[in-house]
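Colleague: Please take a close look at one part of this model, the nonpolar patch on the surface. I would like a connected account of what forms the patch and of how far the prediction can be trusted.

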Amino acid sequence: MNKLFYPALFHTAEEGGFWISFPDFPECLTQGETMEEAYDMAVASLGLSITDLLKENSPLPEPSSPADIHPDPDSVLLVVEFDLKEYRCKHNSKAVKKTLTIPEWLNEEALALNINFSAVLQEALIHKLQK
């Protein structure tokens with residue numbers, strides 16, 4: 001469930017630019033001056049809606065089928081991708097204390113070399129998770 005895809009309607013704004021709505025998230029609205037900016041804002045807005053639901057332990061809505069959505073003449077239907085893992089890596093860097101045990105000889109050698117135990121553990125976990 002790391003990558004989520006939801007349809008979005010990109011509406012042409014009268015004053016220029018675009019405003020974006022999500023059929024599956026009625027409360028989720030955003031805007032942008034250019035298509036690129038609008039898409040970036042759509043990803044960010046969708047991300048906030050998704051993470052809010054997850055924090056509340058609420059289920060995420062099933063994505064609507066793009067075939068079931070009929071845009072107005074001033075709108076374009078796009079599917080917006082939200083990478084939950086990437087978002088969590090960027091926005092959830094709260095440190096969590098872990099207690100672990102290693103052999104005494106390993107501890108002494110690592111201390112003698114001024115090795116940062118937290119950094120080594122983080123690097124090893126990231127490497128392990130990428131496989």
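Modeller: A residue counts as buried under 20% relative accessible area, as exposed over 50%, and as partly exposed in between. The model is a predicted one, and the patch is best approached through one of its members, Leu125. Leu125 lies in helix α4. Its relative accessibility is 47%, and therefore Leu125 is classed as partly exposed. Entry into a patch requires over 30% relative accessible area, a value that Leu125 passes because its own figure is 47%.

Leu125 is joined in the nonpolar patch by Leu100, Ile102, Trp105, Leu106, Leu111, Phe117, Leu121 and Leu129. Together these residues have about 870 Å² of accessible area. Two elements, α3 (104-112) and α4 (117-129), each supply two or more residues to the patch. The largest contribution is that of α4, with four residues.

The surface also carries a patch of negative charge, in which Glu14, Glu15, Glu33, Glu36, Glu37, Asp40, Asp72 and Asp74 gather. Asp72 belongs to the loop between α1 (35-55) and β4 (75-83). With a relative accessible area of 46%, Asp72 is likewise partly exposed.

As to confidence, the chain has a mean pLDDT of 91, with 98% of its residues at 70 or more. The lowest confidence falls in helix α2 (residues 84-91), at a mean of 81, and the highest in strand β2 (residues 18-22), at 97. Where pLDDT is low, predicted coordinates should not be read in detail.

Note on methods:
Residues numbered from 1 in each chain as written. Predicted model: local features only at pLDDT ≥ 70, side-chain atom pairs only at ≥ 80, totals over all residues. Heavy atoms only, no water. pLDDT = per-residue confidence, 0-100. Patch = residues over 30% accessible without salt bridge, like charges linked within 9 Å, V, L, I, M, F, W, Y side chains within 5 Å. Areas by Shrake-Rupley, 256 points an atom, 1.4 Å probe, with all protein chains shown as cover. Salt bridge = Lys/Arg side-chain N within 4 Å of Asp/Glu carboxyl O. Lys, Arg positive; Asp, Glu negative; His and termini not counted. Charge placed at Lys NZ, Arg CZ, Asp CG, Glu CD. Buried < 20%, exposed > 50% of the residue type's maximum accessible area, 1.4 Å probe, protein only.
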